[in-house]
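Please look over the sequence and the structure shown below before reading on. The briefing then takes up the strands, the helices and the aromatic rings by topic.

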Amino acid sequence: MRTPARFIVLALAGSCLSLTACQSTTVVDDSPTTLSDSPAPGTYAIIDGKQAPVPAIEMGDPATIARIIDQGKNNSQVLATLTEMCDTFGPRLTGSASLENAQRWARSNFESFGMSNAHLNKWGEVETRFDRGPSTGRVLLASGRRNSTPKEVRELEFSTLAWSKGTDGPTTGSVMQLPTTMDEYEANKGSYSDAWVLLAPNYAGRGGIRSTGFLMRERMDQRHELRMELDKPADEVPAVASDSNNWKGSFDYHGSAVPATFVLDESGDEVTGSMDIRNFSSGPISGFARDGNTVTFQWKHDMGTSNIELTFNGDTAEGVSRSASGNEFPLEFTRASIAEAQEKSESETKDAVLSAVLSENPNGFISSSKDERVWTTSSNNWRERKLADYPEDIEINVRQSDYDYLAARVNEGVDIQVEFDLEHNLSAGPFPVYNVIAEIPGTEFPEQVIIISGHMDSWDGPGSQGTTDNGTGTAVTIEAARILMAAGVQPKRTIRFALWGGEEQGLLGSKGYIESLSEDELANISAAFVDDGGTNYQGGVPAADFMIDYFAAATAPINGVFVSETDNEHLNVNIRSTGPKIETHGGSDHASFNKIGVPGFFWDEIGRAEYGYGWHTQNDTLDLAIEEYLMQSATNAAIVAYNLANAPDLLPREGETSEAEVVEEATPVH
C-alpha cells in the first residue's frame, strides 16, 4: 500500500505494437451490462466500461483456463490462507520476527504446491528489530472507598510509533496537561513525575490523519535532543551558525509541512547550491536562471529531478516544486539567520517548559488523532538507528474521542488515572530482511517472466492484523499460485510470484529485488502486477493504448464468471485506456518496475469495502475481508498470468518512463 509521505506517478509511453492480431477494438454494447442480458461468461472483454469483442490474440489453452476457473470458484482456499496468516502471525512489520516467520510460512506454502525456486530473497538489513507485543491502555477512576482498587471506566484505542520504546509492564499515572508557560509549570512543579502528559491537539491543523504520525516522529527526536542538552554543561552547547546563503523552510506535502533547507550562492561565476528535504533526499541544483526576484532551477535528488521556482521578497522566498508529471508542491523559506532568530524567540519558552517537564521523568506523553482512527508509522532513521540510540520517552496517540474524554476530565478536576502496558521489543541487529519468491518455470521461454505480487509487510499498530494492507494481496498471490499448480498449467513463459517486504517504508523490497537483476533479466519481464488495494476485487487495470488488445484478450475469460449477489453485478475486469502512457500512481511496488521501464500494474480494486477505514489503523482486522472479492481476484490474477505467459510475445512496452516527485515514505492511494 497504499499513501505518508512518498508519492510517485509513473508513466510508460509508446505506440501500438504492429501485430496482425492487434487491431482497434469495436464496441459492441454502449449500455451498462445487467445480470440478465450479459453474454455468456468468458466471451467478451470490457474496455473503458463497455462490452467489446475479444481480440483474436492467441492466449492460454481453454481447457486449462476452465480448470483454473473451477479451482478458483469451487475449491477456493484464499480466505483460509488469509485467516491462517493473520491469526497466526498478526501484523507483519518490516524487519520483525512476525514478518520473517510469515515469510517462511509463505515459502513453505509455495513449496507444498510443488513450485520451483521457492526462497527468501534478501534485499537488505535493519540495524534494530522491532517486535510489538500485546499493548493495552485504559482509564481508571478511584471509587472513593478507602483501600479500594480503582475501576476501569474506559478502554483506550491508540497507537505508538514502530521502532520506539514501550513501558516496563503496566504503568499507571495521573493525567496532566503540558504547561504552555514557565509560570504554569511552576504552579504544578513536582506533579509531572510519573504522570501521563497531554499534548495540545491539532484538530484544525493542515493535513489528515497521516500528519499525526509525522508529527510524532519529529517530537520523538525533539525530546531526545532536549534530554541530551539537559545532561550537558551550558558551555558545551554549540552555537548555531548561519549566513546569508542559507535558507530554512518547508516542503508542503498534501498539508504536511516537511522541514527543508536551501543553499544558494550567486557570488561566483557559476551559481551553486543545494536543497534538502528531511527524511527524503538532498542534492545539488543546476540549470539556474534568474528573472528579477524569481529564480528557476532543477534539483537532482534520489528519486530523479524536480523543477523549482522561487520568488524572493527580502528575507523570505515562496514557490513550488514541480514533478516531471506536473504535480506541484508548495515551498516556503526564510533566510536562515532570520528564521533561527524567530524560531529561537518562539521556541525558547516551549523548549524550556518541555525540558522542565522532562527533568521530572513523566511516564510519557499522550497526543490526539484527528478522528476515530489511529495511524501507525515509524520513528525516523529506523533502518540505521542502533538500539542504544533509541529515545526513552514514550508518546501514545489515542483516537480523538479518547483524547477529548481525558482532556475533559482533567479540566473538570476529576482525579483519573491512565494505565498503559506497551510490550515493545527492540533487539540489536543487524537483521536480514527478505522478499519471498517462487516460480512456475516456462516450457519454451523460461527466461521470460510474468510477475504476480503483493507486499507481505504491514504496519503493526495495536489491534491491527494487517489484513487489508496487505494480507489480502498476500493471500490472493498465494492462492493464484495454488490455483495454477492445482490446474496443472504448463506456461510457455515463467510465472513468478513475489511477496515483497519493506513496501510500507518506501517500496524497499521491490526496489532491492530489481537492483539485483541484470539488464537482460529486466528486459525479459513481460509485466509485473501488484495486488495492494485491500479486500475489493480486481475490477480493472490501467493500460496504454498499445496494450489494450493484449489485456482485453488476457482478461476476457474472467468476465461473467463471478457474480456478487450482494452487489447484484458481475465482478468483471475493465481495461481502462489511459492514452499513450500507463497513467498510474506510485504508491505501491508496481512503481519500482515502471521506474526502470518494466510495465508495472496496480489493479483497480472495485467494490463495497471502504479502504481508508482500515488502512494503517487499528481497524485493519480479519472481519473486513470479503471472500467473494478475494476469490475473483485470485482467479483473475491466475488467468491473466497464464494467458500472458502463453501470448505471442511479451506485453508491448515501447516508450519511455518518467517519474514525479517522491517525498518521505510510500504514500498509497490504495
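**Strands, helices and rings in a predicted model**

Proline 542 has arginine 576, a residue of strand 26, as its bridge partner. It should be kept in mind throughout that this is a predicted model. The two strands involved in the wider pairing are strand 23 (residues 537-543) and strand 26 (residues 574-577), which run parallel and are joined by 4 bridges.

**The open sheet**

- Strands 23 and 26 belong to an open sheet of 5 strands, whose order is 3-2-26-23-28 and whose pairing is mixed.
- At the edges of this sheet lie strand 3 (50-52) and strand 28 (604-606), each of which pairs on one side only.
- On average, and with direction ignored, neighbouring strands of this sheet are turned by 35 degrees against each other.
- Helix 11 (residues 548-555) packs on the sheet, where it touches strand 2 (45-47), strand 23 and strand 26, and the direction of helix 11 makes about 170 degrees with that of strand 26.

**The barrel and a further set of strands**

- In general, the strands of a sheet pair through backbone hydrogen bonds, and they may do so in a parallel or an antiparallel way.
- A barrel is closed by 8 strands in the order 9-10-11-12-13-14-15-16, with antiparallel pairing, and the twist from one strand to the next averages 30 degrees.
- Within the barrel order, strand 9 (residues 246-253) and strand 16 (residues 328-335) run antiparallel and are joined by 5 bridges, and lysine 248 stands opposite threonine 334 of strand 16.
- Strand 7 (residues 171-177) pairs with strand 19 (residues 416-440) in the antiparallel sense over 4 bridges, with threonine 172 having glutamate 419 in strand 19 as its bridge partner.
- Strand 7 is also joined to strand 8 (residues 196-198) by 3 bridges, and these two strands run parallel; here valine 175 stands opposite tryptophan 196 in strand 8.

**Two helix pairs**

- Two packed helices are described by the angle between their axes together with the distance between those axes.
- Helix 11 packs with helix 14 (residues 627-645) at an angle of about 125 degrees, and their axes are 8 Å apart, which means that helix 11 is oblique to helix 14.
- Helix 11 passes helix 14 in a right-handed crossing, and the contact is made by Tyr550, Phe551, Ala553, Ala554 and Thr555 of helix 11 with Asn636, Ile639, Val640, Asn643 and Leu644 of helix 14.
- Sorted by class, this contact of helix 11 with helix 14 has 7 nonpolar and 3 polar residues, and no charged ones.
- Helix 2 (residues 78-89) and helix 8 (residues 467-486) have axes that come within 9 Å and cross at roughly 130 degrees, so helix 2 is oblique to helix 8.
- Helix 2 likewise passes helix 8 in a right-handed crossing, and the residues making the contact include Leu82 and Met85 of helix 2 and Ala475 and Glu479 of helix 8.
- The residues of the contact of helix 2 with helix 8 divide into 7 nonpolar, 5 polar and 1 charged.

**Aromatic pairs**

- The count of aromatic pairs comes to 22, and one of them is formed by tryptophan 375 and tryptophan 615, which are edge-to-face at 5.0 Å centre to centre with 85 degrees between the planes.
- Tryptophan 375 lies in the loop between strand 17 (364-368) and strand 18 (395-398), and tryptophan 615 in the loop between helix 13 (611-614) and helix 14, so the pair ties together parts that are 240 residues apart in sequence.

Methods. Residues numbered from 1 in each chain as written. Predicted model: local features only at pLDDT ≥ 70, side-chain atom pairs only at ≥ 80, totals over all residues. Heavy atoms only, no water. Pairing = 2+ DSSP bridges. Axes fitted to C-alpha atoms, helices over the stretch in contact; angles between N-to-C directions. Contact = heavy atoms within 4.5 Å. Parallel < 35°, antiparallel > 145°, perpendicular 65-115°, else oblique. Left-handed = near helix turned anticlockwise from the far one by under 90°. Nonpolar A, V, L, I, M, F, W, Y, C, P; charged D, E, K, R; others polar. Phe/Tyr/Trp six-rings, centres within 6.5 Å; stacked < 30°, edge-to-face > 60°.
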